[in-house]
Amino acid sequence: MAVTLRDVARAADVSIATASRALAGSSLTNHATQKHVIQVAAALGYRTNTFARALKTKRSGLIGLTVHNLENASFQVRASVVQSRMQALGYQVILSISADDPEQERDIFRTLVDHSVDGLIAVPNGANGAQLLAMEHADIPVICAVRRVEGAMLESVLAGDLDGAYAGTRHLLDLGHRRIGLIVGPGETTSGKERLAGYKRAMQEAGLPVDPALIQTGRYAPETGVVAANALLSMPAPPTAIFVANHESSVGVLRVVSERGLLIPDDLSLLFYEDSPWFEWQRPAISVVDSGATEMANLAVDRLVQRLGGVANSGREYRVGSRLIQRASCRAVQES
């Protein structure tokens, strides 16, 4: 049987009202009584009924966090940062994985509302903007991360993906590469669209045609890397460098490189997007364009805390800069 507040009050020899105030940290209860009640509650294994507390205080102490997957190292970083910071503020985080599926995401949002979350940090699919706006109208602050929801006035914390992809492509061009393959996410996503735009801008500024055959798009999954890398490397004139701007597909690309017996960077230069510890441990270590996952997570938490404190939704878009990290997987084109 679950221990009730009545059980705690009886064991502590105080009224139910006094026990309730003591466990809530009310200043109406003297320190000695409060300490005694808390000790008794702990000894009995009492746990606060969060739903009852939410009905009374209009606050559940719960924060929602949704991501597409946990294969992406950046999502792991965001989950860790959000969890540690919100927990330090007295909140518990409910982490949900949407698999980038609109219907699954819709069910997640519905469940979070049913659990009376106080706020939400979402990496949105983009198809459920109406639900997110309904949460805003119900006084549940929403902060979008990584992707914006088109047409919805929601605060968003995004990476500098266009500039990051431009800088990465520019780096490969400066090394003398002219046939640069790009593996990127779907064009309907913020990151997919902006990373493609950055690649095209760099190629056009270099006076090079944008060859559609060198651009491979697909969902965020290892299988995308397998299919895309095989397509690029099977071309009559394969690329001398591949820019993998779809993080989840990186593992698939490395598999294809190994299966084909290619040496990196002697046979092919590789540049990945979004850093991961094992990219640095890989031999050779993989050069990356890092999107600043920690900075994005901290900024999203900062904005959510402001909103929980009563600051109104500005609908503003915040950007965190990307940076090129040069390691050992890219080399200059050798003269033949």
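This briefing walks through helix packing, internal spaces and unusual backbone spots in the structure above.

The model is predicted, so to speak of local features takes pLDDT of at least 70, side-chain atom pairs count only at pLDDT 80 or more, and totals for chains, interfaces and linings use all residues. Residues are numbered from 1 along each chain as its sequence is written, and side-chain values use heavy atoms, with hydrogens and water left out.**Helix packing**

- Helices (H or I, at least four residues) and strands (E, at least two) are DSSP runs, numbered from the N terminus.
- Axes here are lines fitted to C-alpha atoms, for helices over the stretch in contact, and angles run from 0 to 180 degrees between N-to-C directions.
- Helix α1 (residues 5–12) packs on helix α3 (residues 31–44) at about 120°, with the axes 9 Å apart.
- That angle makes α1 oblique to α3; angles under 35 degrees count as roughly parallel, over 145 as roughly antiparallel, 65 to 115 as roughly perpendicular and the rest as oblique.
- The crossing of α1 and α3 is right-handed; the rule is that the near helix is turned clockwise from the far one by less than a right angle, while anticlockwise would be left-handed.
- On the α1 side, Asp7, Val8, Ala11 and Ala12 meet His36, Val37, Val40, Ala41 and Leu44 of α3, where contact means heavy atoms within 4.5 Å.
- Sorted by class, the residues of this α1 and α3 contact are 7 nonpolar, 1 polar and 1 charged; Ala, Val, Leu, Ile, Met, Phe, Trp, Tyr, Cys and Pro count as nonpolar, Asp, Glu, Lys and Arg as charged, and the others, Gly among them, as polar.
- Helix α5 (residues 73–88) and helix α13 (residues 293–308) cross at roughly 40°, and their axes come within 9 Å.
- This α5 and α13 crossing is right-handed.
- In that contact, α5 brings Ser74, Val77, Arg78, Val81, Val82, Arg85 and Met86, and α13 brings Ala293, Thr294, Met296, Ala297, Asn298, Val301, Asp302, Leu304, Val305 and Leu308.
- The α5 and α13 contact counts 11 nonpolar, 3 polar and 3 charged residues.
- Helix α10 (residues 222–233) and helix α11 (residues 250–259) have axes 6 Å apart and an angle of about 45°, which makes α10 oblique to α11.
- α10 and α11 also make a right-handed crossing.
- Pro222, Gly225, Val226, Ala229, Asn230 and Leu233 of α10 touch Gly252, Val253, Arg255 and Val256 of α11, and the classes come to 6 nonpolar, 3 polar and 1 charged.

**Cavities and a pocket**

- On a 1 Å grid over the protein atoms alone, a cavity is a set of points where a 1.4 Å probe fits but cannot get out, and a pocket is an open set with protein on both sides within 12 Å along at least five of seven lines; lining residues have an atom within 4 Å of a point.
- Grid points are joined across faces, edges and corners, and a volume is the space filled by probe spheres set on the points.
- There are 2 cavities of 30 Å³ or more, and the largest holds about 150 Å³.
- The largest cavity is lined by 18 residues, and the closest to its centre are Asn72, Phe75, Val146, Ser191 and Glu274.
- α5 gives the largest share of that lining, 3 residues, and the lining divides into 5 nonpolar, 7 polar and 6 charged residues.
- The second largest cavity comes in at about 40 Å³, and its lining has 9 nonpolar, no polar and 1 charged residues.
- Lining this second largest cavity are Leu65, Val67, Arg78, Val82, Ile121, Val123, Ala145, Met296, Ala297 and Ala300.
- β1 (62–67), α5 and α13 each supply at least two residues of that second lining, with α13 giving the most, 3 residues.
- The second largest pocket has a volume of about 290 Å³; 15 residues line this pocket, and His68, Ala99, Asp100, Arg219 and Tyr220 are the closest to its centre.
- That pocket lining splits into 5 nonpolar, 4 polar and 6 charged residues.

**Backbone oddities**

- Most residues other than glycine have a negative phi, and most peptide bonds are trans.
- The bond from Ile264 to Pro265 is cis, with omega near 5°, and Pro265 sits in the loop between α11 and β9 (269–273).
- The bond from Arg283 to Pro284 is cis too, with omega near 0°; Pro284 is in the loop between α12 (277–281) and β10 (287–290).
- Asp13 has a positive phi, near 60°, and lies in the loop between α1 and α2 (16–24).
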